[in-house]
Amino acid sequence: MGVQKYIYLCILIAFSLNLTSTSGLSNGGHLPSNAYLQQESGYDLRAFPSYSGLHSENDSYKTFMKIRRSLSAASVQTVVNVLDFGAKGDGATDDTKAFETAWAKACSSSAEVNFVVPKNRNFLVKQIKFSGPCKSGIAMQIGGAIIASDDRSDYSKDRRHWIVFHGVENLVVSGGGVVNGNGKIWWQNSCKTNKANPCTVAPTALTFYQCTNLGVNNLKIENPQQIHLSFEKCKNVQVSNLVVTAPGNSPNTDGIHVTDTQNIKISSTTIATGDDCISIVSGSQKVLATGITCGPGHGISIGSLGAGNSEADVSDIVINGAKLSGTTNGVRIKTWQGGSGRASNIKFQNIEMENVENPIIIDQHYCDQDKPCKEESSAVQVENILYQNIKGTSASKVAIAFDCSKSHPCEGIVMQNVKLEGGSTTNSKAVCNNVKFLNPPTISPNCAN
């Protein structure tokens, strides 16, 4: 193992340990519901994941990025440029084979690899999978634009994915370039755009599956076929300085989707899309999002969870520092009736909302289907949720909506310094059904029931 790779691995491991050590949790991540009531603020912050060392770029993160840059400049490295493998970058020639051949070279290298997608070029790439494990760390520098085919028949083998990184360890994808999903043809044929169309799946533009020690930064991801960017079953992830964009009426174009992923930080990212700016679903733990700008879109969502009577678990989530403008929702937890498991130890802090239709929501009766959902006695337990320093304006009459389950009410809810005003033509109100607050909430508007 080379010296550069050894240092690289050590820093990534240190970063991982930092994420783990700052969670502040014990007892398997679930604390007794009354274990956090001593501090002067009225509750013990140890009950919630703190990530206090990650609210800014801490030493381990800075060092991680320094090492990433040094890999690109290291004398002992392999430079793999897609142009050397036959890519044209003219926006018309199919460059998929060239990218596949270049990746095979990069992945087999025993030296650190700088994988170059040059600036000032447009690379037409059809469905592609960059598979690991690889022999060494890889820094993929996307300087130009990677553009998807707009021929839907090119996705006949897999309708769910365009670009996939599968099982790659020690990977950084950056470079200031563009990943363009060319999604307009998919949106036009969506049943959400036209009910006469059949409801079918569409590809996620960029998927990271079972990747470990991963950095994704300084990219523009735009106009996806469906979801922009998905992290599935990944560990130890840094996401920063992304611009994620699609029209506000583009269907199902979630910005960043996190599923069954642990230790992920998303920072300094701007998202404007037609669905959730960030969605966090089952199996995800230790997620930090900070410095997020969202709008248009459907806000920041935990869930949906528990669909089809499934078990779901999401815990140790921190949304700290976000601005939402003109979104259909603000910060939302949504669960289906009949599910099981829990959504626990979640913080929403330091959030500014401007003209947001539904600023704060917990919906344990979520039902995204044509037929009404039947009443169920089981539910995903929602517990230990902190709302702190949330201010702004609501575009709807109900600024705070807690629609919790009678059989599994929301528990351990803390609201501190929450002030949401109505727009110029309406006063806002709060509706709080089946909620157990830990202490008297300091909110405006107050609960009407």
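Two strands count as paired when DSSP finds at least two bridges between them. By that rule, eleven strands of this predicted model form an open sheet with parallel pairing. The order is β5-β8-β11-β13-β15-β17-β19-β21-β23-β25-β27. β5 (128–131) and β27 (429–433) are the edge strands, each pairing on one side only. Neighbouring strands are turned by 15° against each other on average, direction ignored.

Look at one pairing in detail. Strands β8 (residues 161–166) and β11 (residues 204–209) run parallel and are joined by five bridges. His161 has Thr204 in β11 as its bridge partner. Helix α3 (residues 96–107) lies across β5 and β8, at about 5° to β5.

Confidence comes next. The protein chain has an average pLDDT of 86, and 82% of the residues score at least 70. Over residues 1–61 the pLDDT is below 50, yet this stretch has 126 contacts in the model beyond near neighbours in sequence.

Now the cysteines. The whole structure holds six disulfides. In sequence order, the bonded cysteines pair 1-2, 3-4, 5-6, 7-8, 9-10, 11-12. Cys277 and Cys294 form one of the disulfides, with sulfurs 2.1 Å apart. Cys277 sits in the loop between β16 and β17, Cys294 in strand β18, 17 residues apart. Both are buried. Their link is right-handed, with 80° about the S-S bond. The link of Cys404 and Cys410 is left-handed, at -95°; these two cysteines are also buried.

Why are Cys211 and Cys234 not bonded to each other? The sulfur of Cys211 has its closest cysteine sulfur in Cys234, 4.8 Å away, which is too far for a bond. A disulfide needs the sulfurs within 2.5 Å. Cys211 is buried at 0% relative accessibility, and Cys234 is buried with a relative accessible area of 0%.

Conventions. Residues are numbered from 1 along each chain as its sequence is written. This is a predicted model: local features need pLDDT of at least 70, side-chain atom pairs count only at pLDDT 80 or more; totals for chains, interfaces and linings use all residues. Side-chain values use heavy atoms; hydrogens and water are left out. Helices (H or I, at least four residues) and strands (E, at least two) are DSSP runs, numbered from the N terminus. Axes are lines fitted to C-alpha atoms, for helices over the stretch in contact, and angles run from 0 to 180 degrees between N-to-C directions. Contact means heavy atoms within 4.5 Å. pLDDT is the predictor's confidence in each residue, from 0 to 100. Buried means under 20% relative accessible area, exposed over 50%, partly exposed in between (1.4 Å probe, protein chains only).
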